[in-house]
Amino acid sequence: MIRTEAVTALFLQKAKVARRAYAIVLAARSYAAGFNPDGIAVTSETILNKIIVETLREANVNRNDVEYIETHGTGTEVGDRQEVKALSDVFCENRDEPLFIGSIKSNIGHTEASSGE
């Protein structure tokens, strides 16, 4: 993992007043591992699985319709293993098409100061 600096912003606006709509957010969840007994750097596979399933349900999205996932992808053995296992459990059972995953972190590094960690 390479630590880098960044300023990040997410601008949300009502579609009726926007000049252009780039995407529609159907559902969103967040997770912080700050209270994880294994440490902040260890993702809970169980919680991640639960968050993904609940978000798909709320958004009314069939898991088999998802073609690509932008992952957290820390580049750590334990973190990436937990993340990929949770994604596999949710998206890859009885799947006919491949699920593509990627992480922008391989190009820009871990923007630690703006990541909330």
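Start by selecting glutamate 54 in this predicted model. With a relative accessibility of 26%, glutamate 54 counts as partly exposed, because partly exposed covers values between the 20% and 50% limits.

Keep glutamate 54 on display and add arginine 29. The two side chains form a salt bridge, with 3.6 Å from N to O. Arginine 29 sits in the loop between strand E1 (3-4) and helix H1 (45-59), while glutamate 54 belongs to helix H1, so this pair ties together parts that are 25 residues apart in sequence. Colour by accessibility and arginine 29 also comes out as partly exposed, at a relative accessible area of 36%.

Next, select lysine 50. Which residue does lysine 50 form a salt bridge with? The partner is glutamate 54, and the closest N and O atoms are 3.9 Å apart. That distance qualifies because the cut-off for a salt bridge is within 4 Å. Lysine 50 and glutamate 54 are both in helix H1, four residues apart, or about one turn of the helix. Lysine 50 has a relative accessible area of 48%, which makes this residue partly exposed.

Move to helix H2 (residues 77-91) and select lysine 85 together with aspartate 89. Both residues lie in this helix, and they are four residues apart, about one turn. Their side chains meet in a salt bridge, at 2.9 Å from N to O. Lysine 85 is partly exposed at 40% relative accessibility, and aspartate 89 is partly exposed at 30%.

Now return to the other group and show Arg29, Lys50, Glu54 and Glu58 at once. Salt bridges with shared partners join these four residues into one network. How many salt bridges does the count come to? The count is five.

For the last stop, leave the salt bridges and select the residues that line the second largest pocket. Its lining consists of Phe11, Leu12, Gln13, Ala15, Ala18, Arg20, Ala21, Tyr22, Ala23, Ile24 and Val25. The volume of this pocket is about 320 Å³. Colour the lining by residue class: nine residues are nonpolar, one is polar and one is charged. The charged one is Arg20 and the polar one is Gln13, because Arg counts as charged, and Gln falls among the others, which count as polar. Phe11, Leu12, Tyr22, Ile24 and Val25 are among the nonpolar residues of the lining.

Methods: Residues are numbered from 1 along each chain as its sequence is written. This is a predicted model: local features need pLDDT of at least 70, side-chain atom pairs count only at pLDDT 80 or more; totals for chains, interfaces and linings use all residues. Side-chain values use heavy atoms; hydrogens and water are left out. Helices (H or I, at least four residues) and strands (E, at least two) are DSSP runs, numbered from the N terminus. Buried means under 20% relative accessible area, exposed over 50%, partly exposed in between (1.4 Å probe, protein chains only). On a 1 Å grid over the protein atoms alone, a cavity is a set of points where a 1.4 Å probe fits but cannot get out, and a pocket is an open set with protein on both sides within 12 Å along at least five of seven lines; lining residues have an atom within 4 Å of a point. Grid points are joined across faces, edges and corners, and a volume is the space filled by probe spheres set on the points.
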